[in-house]
Amino acid sequence: MSEPNDADELAALTTSLKRHLQRRQRAGIGFLAKGDPVETKPVSVVKENLLGGTVDDMFADTAASMAANSLDELRAAIGDCQRCKLCSGRTHIVFGVGNPRARLMFVGEGPGQDEDLQGEPFVGRAGQLLTDIITKGIGIKREDVYICNVVKCRPPENRNPEPDEVAACEPFLKKQIDLVRPEIIVGLGKFAVQTLLKSNVAISKLRGNWHSYHGIKLMPTFHPAYLLRSPADKKLVWEDIKKVIKELQGENT
Ligand code: SF4
């Protein structure tokens, strides 16, 4: 392979600059103002990732999201995220919804079709079941809890998120949990629970028992989508939710 010449380096630098400015525009950041310091770096140290961003940009963006002091700031820092390949098929980033100071947080796997189209987690048939669990089962409003997923973009054909996708998106979930600081997390389904607990144990064995996620009480239970296919297991979820209610009421289980 021949060494890159000046023309090649100039073309690479121009492409990189163009993409950087496009990302700033998508994130609502204007062009550089006159007098703004312009940081320069040799083309050879700018490594492009598969999605056209740069490794440097990814670290800068992630640092910004980790520095967020509120959910709004975190959402703004995530911007038009392209950190993993799920970005290519999504309609909306499904960030999360609910009370930013909720005592109770629900974490699912990832958005489905309805969620992708509406930009809100748990709004399809499974979402209605979760809403029933919250409102009719626990007896509180959906707006009183916080609801989000492990990955924020819909996996194609609702497949499970892949390890690299979870690795790219999980810092946002961790930051959401850190910002909301719930007393209790309900992990919905095998994927979310195994991701939170870093465990390969089956959800049927994990559910119904209290676990700890960085000091926060975590109750694993079945995913509402599973309950639509296996309604006989609703009674098991109700057993799990009754333990959550007791904990919320300050009663030891
Ligand atoms: S799934 Fe997460 S990391 Fe991947 S593109 Fe969407 S927001 Fe970014």
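The following exchange goes through the ligand site, the aromatic contacts and the cysteines of a predicted model.

Visitor: Which residues are around the ligand?
Guide: In this predicted model, the space taken by the ligand is the largest cavity. The residues around the ligand include the cysteines C81, C84, C87, C153 and C169. The others named there are L86, A168, R83, R90 and K152.

Visitor: How do the residues of that shell divide into nonpolar, polar and charged?
Guide: Cysteine, leucine and alanine count as nonpolar, whereas lysine and arginine count as charged, and the shell holds residues such as C81, L86 and A168 beside R83, R90 and K152. The division is therefore 7 nonpolar, no polar and 3 charged.

Visitor: Why is the pair of F222 and Y226 tilted?
Guide: A pair of aromatic rings is described by the distance of the centres and the angle of the planes. The count comes to 1 aromatic pair. The ring centres of F222 and Y226 lie 4.7 Å apart, and their planes stand at 40 degrees, which is neither under 30 nor over 60, so the pair is tilted.

Visitor: Is F222 buried or exposed, and what is its relative accessibility?
Guide: Its partner Y226 is partly exposed, with a relative accessible area of 24%. Buried means under 20%, and F222 therefore counts as buried, with a relative accessibility of 9%.

Visitor: Which residue lies over the face of W210?
Guide: A lysine counts as sitting over a ring only if its NZ is within 6 Å of the ring centre. At 5.3 Å from the ring centre of W210, the residue over its face is K217.

Visitor: How many disulfides does a search of the whole structure find?
Guide: A disulfide needs two cysteine sulfur atoms within 2.5 Å. The sulfur of C87, a buried residue with a relative accessible area of 14%, is 6.5 Å from the closest cysteine sulfur, in C84, which is too far for a bond. Likewise, C148 is buried at 0%, and its sulfur is 9.8 Å from the closest cysteine sulfur, in C169, again too far for a bond. Over the whole structure, the number of disulfides found is 0.

Conventions. Residues are numbered from 1 along each chain as its sequence is written. This is a predicted model: local features need pLDDT of at least 70, side-chain atom pairs count only at pLDDT 80 or more; totals for chains, interfaces and linings use all residues. Side-chain values use heavy atoms; hydrogens and water are left out. A residue is near a molecule or strand if one of its heavy atoms lies within 4 Å of it. On a 1 Å grid over the protein atoms alone, a cavity is a set of points where a 1.4 Å probe fits but cannot get out, and a pocket is an open set with protein on both sides within 12 Å along at least five of seven lines; lining residues have an atom within 4 Å of a point. A molecule sits in a cavity or pocket if more than half of its atoms lie within 2 Å of its grid points. Rings of Phe, Tyr and Trp (its six-membered ring) pair if their centres lie within 6.5 Å; planes under 30 degrees apart count as stacked, over 60 as edge-to-face and the rest as tilted. Buried means under 20% relative accessible area, exposed over 50%, partly exposed in between (1.4 Å probe, protein chains only). A charge sits over a ring if NZ of Lys or CZ of Arg is within 6 Å of the ring centre and within 35 degrees of the ring normal.
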